[in-house]
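Got your viewer open and a selection box ready? Let's take a short walk through this one, one stop at a time.

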Amino acid sequence: MAHTGLNTIDLNSDVGESYGRWSLGDDTAMFRSVSSANVACGFHAGDPSVIRRTCREAVAAGVRIGAHVGYRDLAGFGRRFLDIDPNELADDVVYQIGALQALAAAEGGQVSYVKPHGGLYNAIVAHTAQARAVVDAVKSVDPNLPILGLPGSEVLRLAGAAGIRAVTEAFADRAYNRDGTLVSRTLPGAVLHDHTEVTEHVLRMATDSAVRTIDGSILKIRAESICVHGDSPGAVAMAAAVREALSAAGIGTASFI
(Lines give C-alpha, C1' and ligand atoms only; values in the text may rest on other atoms or scores of the structure.)
Protein backbone atom coordinates (compact mmCIF):
# COMPACT_ATOMS: atom_id res chain seq x y z
CA MET A 1 0.00 0.00 0.00
CA ALA A 2 1.64 3.21 -1.14
CA HIS A 3 1.01 6.63 0.32
CA THR A 4 -1.63 8.07 -1.99
CA GLY A 5 -2.10 11.63 -0.81
CA LEU A 6 -2.75 14.03 2.04
CA ASN A 7 -5.95 12.33 3.16
CA THR A 8 -4.24 9.15 4.28
CA ILE A 9 -2.43 8.10 7.46
CA ASP A 10 -0.26 5.07 8.13
CA LEU A 11 -1.41 2.68 10.85
CA ASN A 12 1.34 0.46 12.27
CA SER A 13 1.26 -2.37 14.78
CA ASP A 14 3.82 -4.46 16.67
CA VAL A 15 3.55 -8.05 15.42
CA GLY A 16 5.45 -11.34 15.35
CA GLU A 17 5.80 -11.27 19.13
CA SER A 18 5.05 -14.93 19.80
CA TYR A 19 8.00 -17.10 20.83
CA GLY A 20 8.29 -20.88 20.76
CA ARG A 21 5.19 -22.30 22.41
CA TRP A 22 4.18 -18.88 23.75
CA SER A 23 1.58 -17.13 21.59
CA LEU A 24 0.84 -13.39 21.70
CA GLY A 25 -1.62 -11.35 19.65
CA ASP A 26 -3.63 -12.12 16.52
CA ASP A 27 -1.39 -10.82 13.76
CA THR A 28 -3.51 -12.25 10.95
CA ALA A 29 -6.51 -10.22 12.10
CA MET A 30 -4.40 -7.08 12.72
CA PHE A 31 -3.24 -7.15 9.10
CA ARG A 32 -6.82 -6.41 8.04
CA SER A 33 -6.61 -2.98 9.70
CA VAL A 34 -3.00 -1.77 9.54
CA SER A 35 -0.75 -0.72 6.66
CA SER A 36 2.65 -1.29 8.32
CA ALA A 37 3.89 -4.21 10.46
CA ASN A 38 6.65 -3.77 13.04
CA VAL A 39 8.01 -7.33 13.09
CA ALA A 40 9.91 -8.44 16.21
CA CYS A 41 13.39 -9.58 15.20
CA GLY A 42 14.12 -12.22 17.86
CA PHE A 43 15.80 -10.17 20.59
CA HIS A 44 12.77 -9.02 22.61
CA ALA A 45 10.29 -11.48 21.02
CA GLY A 46 9.86 -13.67 17.97
CA ASP A 47 11.79 -16.66 16.69
CA PRO A 48 12.79 -17.59 13.12
CA SER A 49 9.61 -19.57 12.43
CA VAL A 50 7.36 -16.87 13.90
CA ILE A 51 9.22 -14.15 11.99
CA ARG A 52 8.97 -16.01 8.68
CA ARG A 53 5.27 -16.76 9.13
CA THR A 54 4.59 -13.13 10.06
CA CYS A 55 6.41 -11.94 6.93
CA ARG A 56 4.45 -14.40 4.79
CA GLU A 57 1.15 -13.08 6.15
CA ALA A 58 2.23 -9.45 5.80
CA VAL A 59 3.18 -10.00 2.15
CA ALA A 60 -0.16 -11.72 1.49
CA ALA A 61 -2.04 -8.83 3.10
CA GLY A 62 -0.09 -6.12 1.24
CA VAL A 63 1.27 -4.71 4.50
CA ARG A 64 4.72 -3.08 4.70
CA ILE A 65 7.33 -4.90 6.80
CA GLY A 66 9.41 -2.94 9.32
CA ALA A 67 12.21 -4.16 11.60
CA HIS A 68 11.11 -3.85 15.24
CA VAL A 69 14.57 -3.88 16.80
CA GLY A 70 15.08 -3.98 20.55
CA TYR A 71 17.42 -4.72 23.41
CA ARG A 72 18.50 -8.34 23.79
CA ASP A 73 16.05 -8.97 26.62
CA LEU A 74 13.54 -11.77 26.02
CA ALA A 75 12.64 -12.10 29.70
CA GLY A 76 11.79 -8.41 29.98
CA PHE A 77 10.09 -8.28 26.57
CA GLY A 78 12.56 -5.55 25.68
CA ARG A 79 10.77 -3.03 27.90
CA ARG A 80 13.63 -2.53 30.39
CA PHE A 81 16.45 -0.05 29.80
CA LEU A 82 19.81 -1.72 29.18
CA ASP A 83 23.01 0.20 29.83
CA ILE A 84 24.67 -1.36 26.80
CA ASP A 85 27.85 -0.24 25.04
CA PRO A 86 26.84 1.77 21.94
CA ASN A 87 29.07 -0.32 19.65
CA GLU A 88 27.44 -3.51 20.92
CA LEU A 89 24.00 -1.96 20.50
CA ALA A 90 24.79 -0.98 16.91
CA ASP A 91 25.89 -4.55 16.16
CA ASP A 92 22.72 -5.93 17.76
CA VAL A 93 20.57 -3.65 15.59
CA VAL A 94 22.43 -4.62 12.41
CA TYR A 95 22.02 -8.29 13.34
CA GLN A 96 18.28 -7.94 13.87
CA ILE A 97 17.66 -6.04 10.64
CA GLY A 98 19.71 -8.62 8.74
CA ALA A 99 17.77 -11.55 10.19
CA LEU A 100 14.45 -9.97 9.25
CA GLN A 101 15.70 -9.09 5.76
CA ALA A 102 16.57 -12.74 5.08
CA LEU A 103 13.29 -14.15 6.42
CA ALA A 104 11.24 -11.49 4.60
CA ALA A 105 13.09 -12.20 1.34
CA ALA A 106 12.35 -15.92 1.75
CA GLU A 107 8.65 -15.00 1.59
CA GLY A 108 8.93 -12.53 -1.28
CA GLY A 109 8.96 -9.46 0.93
CA GLN A 110 11.43 -6.81 2.01
CA VAL A 111 12.17 -4.65 5.04
CA SER A 112 10.94 -1.10 4.36
CA TYR A 113 11.72 0.76 7.60
CA VAL A 114 13.04 0.41 11.17
CA LYS A 115 11.15 1.10 14.40
CA PRO A 116 12.93 0.57 17.73
CA HIS A 117 10.94 -1.25 20.42
CA GLY A 118 10.03 -0.64 24.05
CA GLY A 119 12.87 0.27 26.34
CA LEU A 120 15.15 1.15 23.43
CA TYR A 121 12.47 3.34 21.81
CA ASN A 122 12.02 5.27 25.04
CA ALA A 123 15.75 5.53 25.75
CA ILE A 124 16.66 7.06 22.40
CA VAL A 125 14.22 9.91 22.88
CA ALA A 126 16.98 11.51 24.99
CA HIS A 127 19.97 9.08 25.18
CA THR A 128 22.27 10.51 22.51
CA ALA A 129 24.86 7.72 22.48
CA GLN A 130 22.29 4.96 22.04
CA ALA A 131 20.34 7.01 19.52
CA ARG A 132 23.50 7.50 17.46
CA ALA A 133 24.20 3.75 17.66
CA VAL A 134 20.77 2.98 16.19
CA VAL A 135 21.18 5.57 13.42
CA ASP A 136 24.70 4.33 12.59
CA ALA A 137 23.43 0.75 12.48
CA VAL A 138 20.57 1.56 10.09
CA LYS A 139 22.81 3.68 7.88
CA SER A 140 25.40 0.90 7.65
CA VAL A 141 22.78 -1.64 6.51
CA ASP A 142 20.71 0.58 4.20
CA PRO A 143 20.61 4.40 4.39
CA ASN A 144 17.30 4.31 2.49
CA LEU A 145 15.51 2.70 5.44
CA PRO A 146 13.40 5.31 7.30
CA ILE A 147 13.40 5.30 11.12
CA LEU A 148 10.15 5.68 13.09
CA GLY A 149 10.34 7.55 16.37
CA LEU A 150 8.78 10.05 18.76
CA PRO A 151 8.57 13.66 17.50
CA GLY A 152 11.42 15.72 18.92
CA SER A 153 13.47 12.64 19.83
CA GLU A 154 17.26 12.42 19.60
CA VAL A 155 17.06 9.45 17.25
CA LEU A 156 14.99 11.37 14.69
CA ARG A 157 17.24 14.43 15.01
CA LEU A 158 20.34 12.32 14.39
CA ALA A 159 18.63 10.38 11.60
CA GLY A 160 17.83 13.61 9.77
CA ALA A 161 21.41 14.83 10.24
CA ALA A 162 22.67 11.54 8.77
CA GLY A 163 20.45 11.85 5.70
CA ILE A 164 18.01 9.17 6.85
CA ARG A 165 14.27 9.80 6.58
CA ALA A 166 12.88 10.50 10.06
CA VAL A 167 9.24 9.47 10.39
CA THR A 168 7.25 10.88 13.31
CA GLU A 169 4.90 8.55 15.13
CA ALA A 170 1.98 8.88 17.54
CA PHE A 171 0.25 6.23 19.65
CA ALA A 172 -3.46 5.45 19.44
CA ASP A 173 -3.65 3.73 22.81
CA ARG A 174 -1.10 5.56 24.94
CA ALA A 175 -1.47 8.60 27.18
CA TYR A 176 0.88 11.56 26.70
CA ASN A 177 2.71 13.84 29.12
CA ARG A 178 2.71 17.60 28.53
CA ASP A 179 6.21 17.44 27.01
CA GLY A 180 5.09 14.97 24.32
CA THR A 181 6.63 11.89 25.95
CA LEU A 182 4.55 8.82 26.71
CA VAL A 183 3.18 8.30 30.21
CA SER A 184 5.14 5.47 31.83
CA ARG A 185 3.40 2.08 31.75
CA THR A 186 4.02 1.86 35.51
CA LEU A 187 1.50 4.69 36.05
CA PRO A 188 -2.31 4.42 36.00
CA GLY A 189 -3.96 5.59 32.80
CA ALA A 190 -0.85 5.06 30.67
CA VAL A 191 -2.61 2.66 28.30
CA LEU A 192 -6.01 3.57 26.85
CA HIS A 193 -8.54 0.73 26.55
CA ASP A 194 -11.83 2.48 25.76
CA HIS A 195 -12.54 2.37 22.02
CA THR A 196 -14.36 5.71 22.02
CA GLU A 197 -11.47 7.40 23.81
CA VAL A 198 -8.93 5.83 21.45
CA THR A 199 -10.77 6.76 18.25
CA GLU A 200 -11.22 10.33 19.52
CA HIS A 201 -7.47 10.40 20.30
CA VAL A 202 -6.59 9.19 16.78
CA LEU A 203 -8.98 11.53 14.97
CA ARG A 204 -7.49 14.48 16.83
CA MET A 205 -4.01 13.33 15.75
CA ALA A 206 -5.03 12.80 12.13
CA THR A 207 -7.22 15.88 11.62
CA ASP A 208 -5.86 18.49 14.06
CA SER A 209 -2.24 17.29 14.49
CA ALA A 210 -2.81 17.37 18.25
CA VAL A 211 -3.26 15.15 21.31
CA ARG A 212 -5.00 15.70 24.64
CA THR A 213 -2.37 15.08 27.32
CA ILE A 214 -2.92 13.28 30.62
CA ASP A 215 -3.58 16.60 32.39
CA GLY A 216 -6.20 17.63 29.81
CA SER A 217 -4.14 20.18 27.88
CA ILE A 218 -3.87 20.08 24.07
CA LEU A 219 -0.43 19.48 22.56
CA LYS A 220 0.37 19.99 18.88
CA ILE A 221 1.90 16.84 17.41
CA ARG A 222 2.47 15.96 13.77
CA ALA A 223 2.54 12.24 13.05
CA GLU A 224 3.10 10.43 9.75
CA SER A 225 2.24 7.10 11.35
CA ILE A 226 -0.04 6.03 14.21
CA CYS A 227 0.69 2.90 16.25
CA VAL A 228 -2.08 0.59 17.39
CA HIS A 229 -0.58 -1.98 19.75
CA GLY A 230 -1.27 -5.60 18.82
CA ASP A 231 -0.63 -7.24 22.19
CA SER A 232 -3.25 -5.53 24.35
CA PRO A 233 -6.64 -7.13 25.11
CA GLY A 234 -9.16 -6.26 22.40
CA ALA A 235 -6.38 -4.98 20.12
CA VAL A 236 -7.94 -6.35 16.94
CA ALA A 237 -11.33 -4.74 17.60
CA MET A 238 -9.62 -1.49 18.58
CA ALA A 239 -7.55 -1.40 15.37
CA ALA A 240 -10.70 -2.04 13.32
CA ALA A 241 -12.54 0.73 15.18
CA VAL A 242 -9.67 3.16 14.54
CA ARG A 243 -9.58 2.36 10.83
CA GLU A 244 -13.37 2.71 10.54
CA ALA A 245 -13.36 6.04 12.41
CA LEU A 246 -10.64 7.40 10.10
CA SER A 247 -12.54 6.19 7.04
CA ALA A 248 -15.73 7.85 8.28
CA ALA A 249 -13.77 11.09 8.60
CA GLY A 250 -12.57 10.77 5.00
CA ILE A 251 -9.07 9.61 5.92
CA GLY A 252 -7.71 6.48 4.24
CA THR A 253 -5.14 4.07 5.66
CA ALA A 254 -1.93 3.73 3.65
CA SER A 255 1.78 3.21 4.25
CA PHE A 256 3.96 6.30 4.75
CA ILE A 257 6.38 4.87 2.17
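Keep in mind that this is a predicted model. Start by drawing the side chains of K115 and N12: a polar contact of 3.4 Å joins them. K115 itself is found in the loop between β4 (111-114) and α4 (118-123).

Is K115 buried or exposed? Color by accessibility and you'll find K115 buried, because its relative accessible area is 2% and the cut-off for buried is under 20%. To see what surrounds K115, select its contacts, leaving out residues up to four places away in sequence: N12, D14, N38, A67, H68, V69, Y121, L148, E169, F171 and C227.

**Next stop: α2**

Select residues 48-61, which is helix α2. The helix has 14 residues and reaches 20 Å from its first C-alpha to its last, close to the 20 Å expected at 1.5 Å a residue. Now show V50, I51, T54, C55 and A58, which are buried in α2. Why do they sit on the same side of α2? They cover an arc of only 130° around the axis, so they end up on the same side of the helix. The general background is that an α-helix has 3.6 residues a turn, so residues three or four places apart point the same way.

Spin the view and pick P48, S49 and A60: these are exposed, on the other side of α2. Back on the buried residues, switch on their packing partners, which are β1 (8-15), α1 (27-30), β2 (36-40), β3 (64-68) and α3 (86-105).

Then check both ends. At the start of α2, a side-chain oxygen of D47 comes within 3.0 Å of the backbone nitrogen of S49. Just after α2, click on G62, where phi is positive at about 70°.

**Last stop: α7**

Jump to residues 195-208 for helix α7. α7 has 14 residues, and its first-to-last C-alpha reach is 19 Å, close to the 20 Å expected at 1.5 Å a residue. Which residues of α7 are buried? Highlight V198, T199, H201, V202, R204 and M205.

What do those buried residues of α7 pack against? Show β6 (166-171), β7 (210-212), β8 (218-220), β9 (225-227) and α8 (235-248) as cartoon and you have the set.

Zoom in on the N-terminal end of α7, which D194 caps: a side-chain oxygen lies 3.2 Å from the backbone nitrogen of T196. Finish with S209, just after α7, and its positive phi of about 50°.

Note on methods. Residues are numbered from 1 along each chain as its sequence is written. This is a predicted model: local features need pLDDT of at least 70, side-chain atom pairs count only at pLDDT 80 or more; totals for chains, interfaces and linings use all residues. Side-chain values use heavy atoms; hydrogens and water are left out. Helices (H or I, at least four residues) and strands (E, at least two) are DSSP runs, numbered from the N terminus. Buried means under 20% relative accessible area, exposed over 50%, partly exposed in between (1.4 Å probe, protein chains only). A polar contact is a pair of N or O atoms within 3.5 Å; within protein, one must be able to donate a hydrogen and the other to accept it, and residues adjacent in sequence count only if both atoms are side-chain atoms. Contact means heavy atoms within 4.5 Å. The expected span of a helix is 1.5 Å times one less than its number of residues. The arc is that of the directions from the helix axis to the C-beta atoms.
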